[in-house]
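The paragraphs below lead a new reader through one structure, beginning with its chains and going on to single residues. Please keep the sequence and the three-dimensional view at hand while reading.

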Amino acid sequence: MTALLQVLFDALSLGSLYALGALGIALIFGVMRLVNFAHGDYIAFCVFAMLWPSIDAAAIVFAGNLPTIILVPFILAVGAGLSVLSEIVVFRRFRNANPATMMIASFALGFVIKYFLLMLYSSRPKSIDLWSNLTQQIEFFGARIPPLQVITIVVTIVILIALTAFLKRTRFGLEMRAAAENFTMARMLGVRANRVIMLAFAVSGMLAAAIGLILVTQTGTVDINMGANLMLVAFVATVIGGLGSLPGAVLAGYLIGAATVIMQVVLPPDARPFRDAFVYGAVIAMLVWRPNGLFTSKATKQRV
Amino acid sequence: MADRPSILERTWSTPVILIGILAALQLAALAVGSGPFNQTIIEIFIRVVLVVGLFVFIGNSGVISFGHIGFTCLGAYMTAWLTMLPAIKKSKLKGLPDIILNNKLAYGWGLVAAVIFAAIAAYVVGKVLMRLSGIAASIATFAVLAVIIQVYSNWDTVTGAQSSVVGIPIVRVVWPYFLCAIVVVIVAYLHQISRSGLALRAARDEATAASASGVNIPRERLIAFTISGGIMGLGGAMFAHSVGVVTPDTFYLGLTFITLSMLVVGGMNSLSGAVLGVVVLSIIIQLLRWMEKGVDIGGASFALPLGVQEIAIGVVMIVILMYRPSGLTRNRELVWPSNKLSARGKPNAPADGKTA
Amino acid sequence: MSLLSVDNISVRYGQLTALRKASIKVDEGETLFVTGPNGAGKSTLLKAIAGVVTPREGFIQFAGKHIAGKAPEDIARLGFSMVPEGREVFGGLSIDENLRLGTGMRADKDQVAKDMEQIYAVFPMLKDRKDQQAGVLSGGQQQMLVIGRALMAGPKLIAIDEPSLGLAPKVIDDVYSTLIRLRDSRGLTLLIVEQSATRASLTGGRMVLMRSGEVALEGDARELVKGDALRQAYFGYGEH
Amino acid sequence: MKSFLQVGLGAALGALMLAAPMAMADDDKIVVGFATAQSGFMQAYDKPAEDAARIRIDEINKAGGLLGKQIETVAADTKTDRAEGAKAGLEVIDKGADLVVVSCDYDFGAPAALAAEAAGKVSFFLCAESVKAGIQGVGPHSFSASVLAAVQGATMAEWAYTKKNARSFYRLLDTWTEYNKGICDGFDWELPKLTDAKLVGEDTFKNDDASIAAQITRIKSLPQEPDAIMLCTMMPGGVSAVKQIRAAGIKSMILNGSGMSGSYWLSATPDLTNFYVPDQGSVHGDDPNPKVNEFNATYKAATGGDPSSQYVYPGYVMIDVWAKAVERAKTTDADAVVAELEKMKDEPTLFGPRTFTAELHHQNKGRYLITEVENGKAHVVDEWTISEPIPVDYLASK
C-alpha cells in the first residue's frame, strides 16, 4: 500500500512537469497550428535569467536572490515577455505559412536562443540553490515525500485550476478556447487574432517559466539543455492527448509520467536502461490505436 | 496519370543541373586539394544524400518525418559492423553473430549492406505507420527514432552502447562520396517521375481526389518511405566512413533538425530544393566560420566573436523562411532555361492555413 | 448606396483562379442568393468578403468602408456576420458559449441579454441544452445554432454559405422557414449561397448565378427560375 | 593476448593511412596543434585544460624551449561536432603540428585523433578517461593525459571500505555517458576484492531525467540505508541526483567520480555533507603539494579565474610528459616519442605519477586526493592509490 502510494506520488510529480509542458505547447498549437520547438529554450532562458551573465564556472546569482514574492512574478514575466517577443518578431510573419515552415522557424529560433545563452553563460551547467528549505521530508500515510514533490504537484494543480478558471470564466478564455478549436471562425465572430495569439504566447511563456522554477528547485542546476528533453515529452503528450485538446494534453502528460515511473519500478535492472525505448514503443502503439489522440473533439474530427 | 516519356522530356534537365552543381563542388575539391577543404566537401555530399533521402519521403508525401535519422543510425552501425577488423569486434561487440564477427568486408559492401538494412527497417516500420497522417505520423516517426536511439545507446554487446564504435575504415578521398550523392539524386529523380512518385505527389496535393481516383496512399507512401529509408542508411554509412567513429547520439535530434532545416529552407517539395538547401546553407555556414576565424579586409583583421556563427545561421534561416516561406526554390524544380515548364510543385494558397 | 458592394474582385489559389472579376451588390434589407454549380467560386466570394482570403484585385465596400484585404475580425466588427459552409460550430464549447462568442465586439452590452432571450425563444431546443457541448447537436440543430450565433453578433448583414448542405429535406425546410421568419420580423439583410435555385426562388429575393468564377446572370430569383436563361447559364449551353 | 590485439590494430590503422599530405615540419620550431572545442558544449571542458597546457608550453619556452627550439601553437575549432573535429584535426596537421591535442571527451576527440593517427602524428586527449582514448580506440600514437574513469570508481570503493568502514554499497548509474559507466566498471571490479563488502542494490537513471523520484524510492525501500552510494554520474544531472537524494533524507555516504570535482556547483546543495570525489590535484587551495597551489595561482594570473575543477590539470601533465619524451628522444618523430613515453614508469608529475606501456597509453592505477564535501565546503581529506592496477583485459572487455 505504502509502496503503491509512493509510486503514485512519484508518477504525479514527474507527470506534473510533463503536463505543464504539454499545456504550454498545446496552447500555442491551438491558436496557431505551430509546434513551438523553442519552448524548451524558453524554459532554459527563464532559469538563466536568475543569473548574471558570466562564463565563469561558478554562478553569479542575480535575480535568484530576490525574495520569493518578487522572484516568482519576475521569472513568470521573463517567460511571458520572451514568448510574446518571439511571437511579435518571428512567428507573426509565419501566420499563413505551412506547419513545416513554422516548425523549422521555431527550431531556428530555439537554436538562436540556445547559442545566445551559450555565449553569455558558457556551456558549463551552473548551480543555484533555490528554496532549499524544502529539503526536509514529510510522512504521508507511511510514504516519505519530500515537500518539493508535494509542492510540484500542488503548484501544478493550482496552475491547472487557475488556467481552467481563466479559460472557462473569462471572455479571454472563451475566445482562446474558440480560437484553439477553429481560429478562422473565431475571427469571423470578431475575436481579435493578435490579442488572442499574444495572450496564448504569454500564458505559454509563463508555463515555461513555472517549469523552469520547479526544475531548478528540484535539480539545483541551470543548464542550457535543461528544457530540451521535457519539451520533447511534452510535444509527444500534446499529440497523444489529441491536438487542440488542452485537457487531453494534461492527461497525456500525466500518463507518460506514470508510464515512465512504472517502467522504472517494474523493469528488471538489465532492462531499465531501455526504459525510454519502452515508453516510446507505447507511444507508437497508442498512435496506431488512436491516431487522433485520446481526446478529439467532434469539431476537430469533422474538419480533418 | 501522365505517361512517362513526356515527364522525362519535361524534367530531365533537373537532375542534370543538380549533378552539375555537385560536380562543381567535386572539381573545387580537386583543385584545392587540402585535407580540411576536402573534408568540408565530403560533409556537403553526405548532407546532400541525407536531405535528398528526407525529400523522397517528406517532399513527395507531404508528411513530415522526424524519424529518418534513425535509419541513418542503422546504416552507420551496419557498415561499422561489417567493415571493422574482427579483432576489435570480438573484444567490443561480442554479441554480434559469428558470421559478422569473423569477417571483414570492403567499405563499398558496407555501404550496400547499410542501404539494404535501412530499407528493410524502413519497410517494416512503414508497414505499421504509413496509415497515419499529419502530425500523428510525425510523432510516430519521432518515437521510432527515439526507440532506435535508446536501443542502440544501451545494447552493450552489439552496439557498444553509448561508447564510440571505432576502427571503421576512414575514407578521405572525395570521389566515392560524390558518386553516392549523384546516385541518390538520380534515384530520387526517378522515383519522383515514376508512377508511384506521381501518385504520391498527387495525393499530397489533393488527398481526397487522389484516393477517389484509386491511389492507394499508404502503399505509395510505403514505397517512398522504404526508398528514403535506404538512402538515409547510405548517408549514415558514408558518415561513418568519413569520420571513423559512430555513436548513437550523433544520430539524434541535432542531425534531425539540421537536415530538416536544410530541406525546408531549400524548398520541401522539390528535389532541387533539397540539394540547394544543403549547398546554400553549407556555404553560408562555411563563410561564417571563415569570418569567425578572422578575415583581412583592407589590411584590418576582422573576426566575428566565437559562437556568433550559430546564432547567425539561425537568424539567416528565419529570414529566408520569412521571405520565402516555401523555400529558396519556392518548391519548384530547377530546369533548363529554354524549357519553361517546371515540374509541379505545390503552390501556396494565400488562404489561411486553417480553412484550407 | 448599397450596404455591400463587391467590385471586380479576383481570387487565385496558386495556379487556380477561383474568382474572375466578380461583382455583386447587396442593398440594406434585401436578400441576395448566390447560386451556381460546384467550383463556381460562390464560397470563395463569401470568404473574400469575410476577409478569409485576400483578393488579388478589385474593391469591396461594406457599410461605407473599404474592406478588401482587411482582417476577418475587423470586417466582423463592421457588422458582417458569416455562417460558413459546414457550419463550424465550436464543438468543445457549450451552446451558450457558442452564442456568446460573437457578442464580445458589441458595444450595446445591455441589448445582449435581451437578444439572447430572443434567440432562445426562436430556438427553444437550444435553450434546453444550453450548457451541453455544441458538438453533440445534430446537423440541423447546429445550423440553427450558427444562425443564432451570427444573429447574436448584432450584424448589419448575415452571409450564409450553403445552409442546406448535408441536411435532410425536412430540416432544410425548417432552416429556411426560420430564416424567412427572422428576415421578415427583424428586417435582416441576407446574403445566401445556395446551390439549389429552386430553393432560392421559394424563399424570394434577388439572385446571381456564378459560373467559373464569374457572375453569369443576375435578376429576381422567382423570375429567373421560370425562364430558360438560368438553366443555360447554369450548365453553360450556348455561351462562350 | 597483447600481440594479437595489437597486430590486428596496427594492421587496421596501417590500412587506414591514406596519402595524407605530410606537411614538412619546419626545422627551427616545434608545433603543438590544438584541435579542440573553442565553441559549443565542449568548450567549457576543453578550454581550462588547454589553458593549463599553454601554461606548461610557456614555461618550457621561457626555459629555453624544447630541443632548443621554441614551441609554437596552432588551433582549429571542433565546434563540439564530430565531423568538424575530423576537419580540425586535418587542419592542424596541415599547419605542421608535431603533437595533435584533441578534445577532452573521447567521442568528440576521436575524429581528430584518428586523423592524426592516419598522418602518423602523436595525439593526446586533453582529459579523456575512457580506455579507448589511446591504443584501444585510436591507435599506437595516441595517449590520454588523465586517469581512467574506472580507477576513480575503484579508488572510491577501496578507500571508503578501508578508511570509512563502508560495507554495504548501492550502485546508481547514470547511463548517459561512457565515462559514467567507466566509473561503475571500476567499482564493479573493486567490490568483489573487498571482503564482506556487498552490493545491496543497483539502479540506473538518465542525466536529463526531470526527476529521479522512482530511483530514490527504491533506495528508501531498502531495509537499511546503505553505507555508501556509488553514484556514477557527471554534470549537470549529477547535481540534481545528489540534491534529490539528500532531499529525500538519505544520509548515506555518496561516492562519485571526478566528474563532480570542483566547488562551483556546491551552491546548489549548500548543506551537502558526506560526499566524496577523487581529485588529481586540489582546486580548493589545500593541496598537500605547495607546487600545485602555486600552479593554481599561475593559472589564475593567466586566465583570470581559479581552476574550476581538477580537469584543468591533465592539460599541464600532457605537455609535461610529452616534452620530456621529446627531450629524451631528441626528436619530435612520432615513433621515437612514443617509444620514450612507453618507457615512463611512475614518471612524477605535478599531479601524480604517470605510467605508459606498449599496451596501455592511459593510467589504470593512479594516486588520487580524496576530497570531502562537508556542510557545503570541499576540502582534501586523504590521498589514496588503489592497491593493484585494473587489468587492461578487464578494461578492454567493458
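How far apart do the closest C-alpha atoms of chain C and chain D lie? In this predicted model, those atoms are 33 Å apart, and no contact joins chain C and chain D. Elsewhere, five pairs of chains do touch, and among these five the most contacts are found between chains A and D.

The contact between chains A and D is a good place to begin, and it takes 37 residues from chain D and 38 residues from chain A. On the side of chain D that touches chain A, the elements that give two or more residues are α2 (43–62), β7, α8 (213–220) and α9 (237–247) of chain D. Of these, α9(D) provides the largest share, with six residues. Sorted by class, the residues on this side of chain D are 15 nonpolar, 16 polar and six charged.

Chain A also meets chain B, where 33 residues of chain B are in contact with 35 residues of chain A. On the side of chain B that touches chain A, at least two residues each are supplied by α8 (134–154), α14 (253–266) and α16 (308–323) of chain B, and α8(B) gives the most, with eleven residues. By class, this side of chain B has 23 nonpolar, seven polar and three charged residues.

Turning to chain D by itself, one finds that chain D is divided into domain 1 (2–147 + 292–343) and domain 2 (149–279 + 367–397). The C-alpha centres of domain 1 and domain 2 of chain D lie 30 Å apart, and nine residues of domain 1 are in contact with twelve residues of domain 2. The side of domain 1 of chain D that touches domain 2 of chain D has three nonpolar, five polar and one charged residues.

Chain D also holds an open sheet of seven strands with mixed pairing, in the order β7-β6-β8-β9-β10-β11-β12. Its edge strands, each pairing on one side only, are β7 (198–205) and β12 (377–385) of chain D, and neighbouring strands of the sheet are turned by 25° against each other on average, direction ignored. Helix α6 (residues 149–163) of chain D packs on this sheet, where it touches β8, β9, β10 (275–279), β11 (367–374) and β12 of chain D, and the direction of this helix makes about 170° with that of β8(D). Within the sheet, strand β8 (residues 228–232) and strand β9 (residues 253–255) of chain D pair in the parallel sense over three bridges.

One of the residues to follow here is M230(D), whose bridge partner in β9(D) is L255(D). Leaving aside residues up to four places away in sequence, M230(D) touches several others, including G153(D), M156(D), A157(D), F169(D) and L255(D). The largest nonpolar core has 442 residues, and V49(B), V52(B) and M230(D) are the ones that touch the most other members. Helix α1 (residues 2–32) of chain A gives the largest share of this core, with 18 residues. Because domain 1 and domain 2 of chain D both give residues to this core, the core lies between them.

Chain C offers a hairpin, formed by β9(C) and β10(C) with two residues between them, and S212(C) in the turn has a positive phi of about 50°. Strand β9 (residues 206–211) and strand β10 (residues 214–220) of chain C run antiparallel and are joined by six bridges; the bridge partner of M210(C) in β10(C) is V215(C).

Two loop residues close the tour. Is F91(A) buried or exposed? F91(A) lies in the loop between α3 (68–89) and α4 (99–121) of chain A, yet F91(A) counts as buried because it has 23 C-beta neighbours inside 10 Å, where 20 or more are needed. Not counting residues up to four places away in sequence, F91(A) touches M32(A), L34(A) and S86(A). In chain C, G154(C) lies in the loop between α6 (139–152) and β7 (157–161). G154(C) has 18 other C-beta atoms within 10 Å and is therefore partly exposed. The C-alpha atoms of G154(C) and L16(C), which are 138 residues apart along the chain, are separated by 35 Å.

Terms used. Residues numbered from 1 in each chain as written. Chains lettered and ligands numbered in written order. Predicted model: local features only at pLDDT ≥ 70, side-chain atom pairs only at ≥ 80, totals over all residues. Pairing = 2+ DSSP bridges. Helix = DSSP H or I, 4+ residues; strand = E, 2+ residues; numbered from the N terminus. Axes fitted to C-alpha atoms, helices over the stretch in contact; angles between N-to-C directions. Contact = placed C-beta atoms within 7 Å. Nonpolar A, V, L, I, M, F, W, Y, C, P; charged D, E, K, R; others polar. Buried ≥ 20, exposed ≤ 12 C-beta atoms within 10 Å, placed from the backbone. Core = buried A, V, L, I, M, F, W, Y, C linked by C-beta atoms within 7 Å. Domains from an automatic or database assignment.
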